[in-house]
Every structure is written in C-alpha cells, then in structure tokens.
Amino acid sequence: MSNKVPKHQPSLRSTYAQRAEAAAHEAAAGERRRRRIAVVVVAVLALVGVAATTALLLGRGDDEAVAHSEASVRLGCSSCHTTDGRRSEGPTWQGLAGSTVSLADGTTVVADDAYLRRAITDPQAEIVAGFAPGMPQQEISDEDLDALVAFIRSLA
Ligand code: HEC
C-alpha cells in the first residue's frame with residue numbers, strides 16, 4: 001500500500017493536468033461556438049432587417065398602384081374618388097361596379113359598364129343621391145375610358 005502512493009501520485013497529477021487542459025480546451029471551444037452563434041444571429045437579423053425593409057418599400061409601391069390607376073391619377077379622378085370605401089368629394093369606387101346606385105331623382109340604376117361610361121363621359125346625366133353635381137365634364141380618350149372602367153370594375 002505504502003509503495004503504491006508514489007506510483008499513483010504522478011499519474012494522478014497528470015490526470016488533473018489533463019482534466020484542466022481538457023476543461024480549458026472545452027472552454028475555448030465553447031467560446032468559439034458562442035462567437036459563431038453570435039455571428040450567425042447578427043447575420044440573420046441583418047437579413048431579416050433588409051427583407052422587412054424591402055417588403056415595406058415594395059408594399060408601399062403596391063398600395064399606390066392599387067389605390068388608383070395611372071389614368072385616374074393623370075386625369076385627376078383620384079382627387080375626388082377613393083378606392084377604399086371612404087366618401088370623398090365623389091362616391092368611392094370600391095364595390096361600385098355591379099352595385100345598384102341610388103340617384104338624386106329617386107330612381108336606381110345598376111352600375112354596369114354602360115352606366116360607368118355615362119357617369120364618366122356625361123357626369124351631369126345622372127347624379128348620385130347624396131352628392132352635389134360637382135364632377136367636371138372633360139375630354140377623355142377611348143383608351144383612358146376603357147382603362148378607367150376596367151379599373152373601377154377591378155374594385156367591385
Ligand atoms: C371635382 C371632383 C371630381 C372629379 C375630379 C371626378 N369626379 Fe367623378 N364624381 C364626382 C361627384 C361629386 C360624383 C357624384 C355626383 C354625380 O353623380 O355626378 C361623381 C360620380 C362619379 C361616378 C359615379 C359614381 C357612382 O357611385 O355611381 C363615376 C363612375 C365617376 N365619378 C368617375 C370619375 C372619373 C373616372 C373621373 C376622372 C376622369 C372623375 N370621376 C373625376 C366628383 C368628381
């Protein structure tokens with residue numbers, strides 16, 4: 001027993017040394033792993049940030065395109081008509097196509113293409129109930145008229 005102690009001591013010491021080395025190694029590896037994870041997290045956050053910003057910018061562009069057609073903006077219609085259901089100077093175009101419109105003279109009319117064309121080219125012919133006859137009469141090309149009717153139909 002007594003002669004075993006000196007034999008064991010060096011090996012014990014080396015075991016401790018190995019353990020300490022292994023622990024230091026493990027700690028260094030853990031540190032490297034944490035750093036790698038931090039880099040990945042920062043990279044993912046940066047990507048998400050870029051994607052969100054892009055989506056926001058693209059989304060805003062889409063909203064503007066949906067809000068009014070090019071012809072409607074160019075001809076000034078968008079200053080009096082909304083596409084989201086809100087009343088403006090004129091009635092909203094949301095849900096207009098195909099609906100039954102009450103007119104100021106007490107009659108009703110279905111907003112088919114013929115009505116929409118009339119409402120655009122001859123605004124005084126039929127006045128929508130609850131609105132003043134304030135829509136200006138203006139020269140509109142056939143191309144613009146088609147585009148406007150198609151646009152209003154797309155909001156049905
Ligand atoms: C100065 C404001 C104004 C402008 C600009 C204007 N409108 Fe109007 N619009 C009105 C008003 C007010 C009415 C409702 C009275 C009426 O029937 O005339 C109306 C009615 C309409 C209607 C019938 C709506 C319904 O609910 O039946 C359509 C369709 C329409 N406008 C399309 C257009 C188009 C297309 C343009 C652009 C070329 C345009 N408007 C420009 C004010 C305007």
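**Entry 1: Asp-113**

I began with Asp-113, which I found in helix α3, and I noted at once that what I have open is a predicted model. Is Asp-113 buried, partly exposed or exposed? I counted 14 C-beta neighbours inside 10 Å, and because a residue needs 20 or more to be buried and 12 or fewer to be exposed, Asp-113 counts as partly exposed. I then looked across to Arg-153, which is 40 residues away along the chain, and found that the two C-alpha atoms are separated by 8.3 Å.

**Entry 2: the chain as a whole**

I stepped back to list the elements, and I found four helices and two strands, which run α-α-β-β-α-α from the N terminus on. Of the 156 residues in the chain, buried ones make up 10%. I also looked up the contacts between residues at least 6 apart in sequence, and 49% of these join residues at least 24 apart.

**Entry 3: helices α3 and α4**

How do the axes of α3 and α4 cross? I found that they come within 10 Å of each other and cross at roughly 125°, an angle that makes α3 oblique to α4, because it falls neither in the 65 to 115 range of roughly perpendicular pairs nor over 145, where roughly antiparallel begins. I recorded the crossing as right-handed. On the α3 side the contact is made by Asp-113, Leu-116, Arg-117, Ile-120 and Thr-121, while α4 brings Leu-145, Leu-148, Val-149 and Ile-152. Sorted by class, this contact has six nonpolar residues, one polar residue and two charged ones.

**Entry 4: the largest nonpolar core**

Which residues form the largest nonpolar core? I listed eight: Trp-93, Leu-96, Ala-97, Ala-111, Leu-116, Ala-119, Leu-148 and Ile-152. The elements that give two or more residues to this core are α3, spanning 113-121, and α4, spanning 142-154. I wrote beside this the general remark that nonpolar side chains tend to be buried together in soluble globular proteins. I then followed Ala-97 and, leaving aside its neighbours within four places in sequence, I found Ala-97 in contact with Ala-111, Leu-116 and Ile-152, and also with Arg-153, Leu-155 and Ala-156.

**Entry 5: Ser-141**

Last, I turned to Ser-141, whose place is in the loop between α3 and α4. I found 10 other C-beta atoms within 10 Å of Ser-141, so this residue is exposed, since the limit for that class is 12 or fewer. Ser-141 and Thr-121 are 20 residues apart in sequence, and I noted 9.9 Å between them in space, C-alpha to C-alpha.

Terms used. Residues numbered from 1 in each chain as written. Predicted model: local features only at pLDDT ≥ 70, side-chain atom pairs only at ≥ 80, totals over all residues. Contact = placed C-beta atoms within 7 Å. Core = buried A, V, L, I, M, F, W, Y, C linked by C-beta atoms within 7 Å. Axes fitted to C-alpha atoms, helices over the stretch in contact; angles between N-to-C directions. Parallel < 35°, antiparallel > 145°, perpendicular 65-115°, else oblique. Left-handed = near helix turned anticlockwise from the far one by under 90°. Nonpolar A, V, L, I, M, F, W, Y, C, P; charged D, E, K, R; others polar.
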